[in-house]
Amino acid sequence: MAKTRGVIDEADQPDRWEAQLRKGAVEMAALASLWRGRLYGLEIIRFLENHSRLALAEGTIYPILSRLKAEGLLTSEWVEAEAGHPRKYYSLTETGRQRLRVMAEAWMSFSSGLTELLQPVFEVQETTR
Amino acid sequence: MNAEIQIDSYLTALRLHLGPLTIAEREEIVKEIAAHVRDSAEESGTSVEAVLARLGPANVLAAQYRDGLLIRQASRSISPLVLLRATLRLATKGVFGILVFLVGVFGYLIGGGMVLTAMLKPIFPANTGMWFDGEGHFMSSGVLFPPPGSQAHEVLGVWYIPLALIVGSLTLLFTTWAIRTSLAVSQRWQSRL
């Protein structure tokens with residue numbers, strides 16, 4: 001009962017709904033940013049800003065990276081940089097690559113299904129213009 | 001110089017709030033956040049103050065690490081205390097967590113209660129059992145002081161012990177499984193923006 005009410009509350013607030021949607025995608029996005037090679041935290045944040053609309057609160061990504069590492073999806077190494085301090089670089093493990101492939105496939109089939117479903121909504125918008 | 005003091009005080013607060021983690025984990029996090037602050041300030045030319053503001057308060061950042069650890073440990077644990085502690089934390093975050101916490105509390109009470117009554121049966125044989133009335137309707141079960149009146153008859157006898165042990169243990173097992181599964185699911189939901 002209470003659960004149903006919670007769902008309705010969230011649906012009533014488009015911003016909150018969008019925030020929930022983004023939350024669900026952050027983990028996949030963080031994994032995807034490492035597909036081509038290792039990056040450190042700030043590079044991941046910038047990568048997500050530049051390649052997606054996932055503008056992250058900067059502190060958010062670090063606990064997520066720590067969790068993904070604990071789950072065995074990422075590894076990390078400290079690398080000395082010319083900046084004068086070492087940076088912690090993350091890369092995907094084989095498990096991480098597999099998980100990301102599964103997530104990406106699920107995401108693509110889910111979103112293409114929804115795009116089709118939502119098509120009429122856009123058509124109505126165009127005809128009313 | 002002022003910037004260094006700001007960074008140090010932020011990191012000190014972070015270290016303090018990361019208390020429950022091991023020293024090695026804590027220092028690794030602090031080192032990573034320190035590198036982030038320096039890189040971010042240098043890269044964008046913004047003040048350390050602005051970079052720290054974007055990171056959010058040290059206690060909030062630390063709480064995200066702690067929650068992750070708490071839930072991760074609990075989703076592998078079988079200790080009711082560890083599991084309930086994690087669900088209590090989850091309960092502060094929304095309806096789903098509250099439901100999980102309630103299911104956990106009731107599950108442990110019912111399961112634990114049944115196991116306890118099985119152990120009390122040899123001590124209070126007349127007060128422990130499952131009673132039906134003359135017409136065959138269920139009246140009560142468990143440990144009752146005083147035992148139900150003469151119109152009630154106890155149907156299980158010593159079989160109450162294995163039966164209560166099995167049902168109680170299954171309830172405890174199911175509760176443990178339900179909490180661990182919910183915690184594992186919630187891990188994905190908890191990633192915050």
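User: What makes two strands count as paired in this predicted model?

Analyst: In this predicted model, two strands pair if DSSP finds at least two bridges between them. Strands β1 (residues 128–132) and β3 (residues 153–154) of chain B are joined antiparallel by two bridges, therefore they satisfy the requirement of at least two. Within β3(B), it is B:His153 that stands opposite B:Phe132.

User: How do you know that β1(B) and β2(B) are paired, and in which sense do they run?

Analyst: Five bridges link β1(B) with β2(B), residues 138–143, and the two strands run antiparallel; since a pairing asks for at least two bridges, they are paired as well. Among the partners, B:Thr128 has B:Val143 of β2(B) as its bridge partner. The two strands form a hairpin with five residues between them, and in the turn B:Gly136 has a positive phi of about 85°.

User: Why are β2 and β3 of chain B called edge strands?

Analyst: The open sheet has three strands in the order β2-β1-β3 (chain B), with antiparallel pairing. Each of β2 and β3 pairs on one side only, and these are the edge strands.

User: Why is β1(B) described as largely enclosed by the rest of the structure?

Analyst: A residue is buried if 20 or more other C-beta atoms lie within 10 Å of its own. Four of the five residues of β1(B) are buried, so the strand is largely enclosed by the rest of the structure.

Key:
Residues numbered from 1 in each chain as written. Chains lettered and ligands numbered in written order. Predicted model: local features only at pLDDT ≥ 70, side-chain atom pairs only at ≥ 80, totals over all residues. Buried ≥ 20, exposed ≤ 12 C-beta atoms within 10 Å, placed from the backbone.
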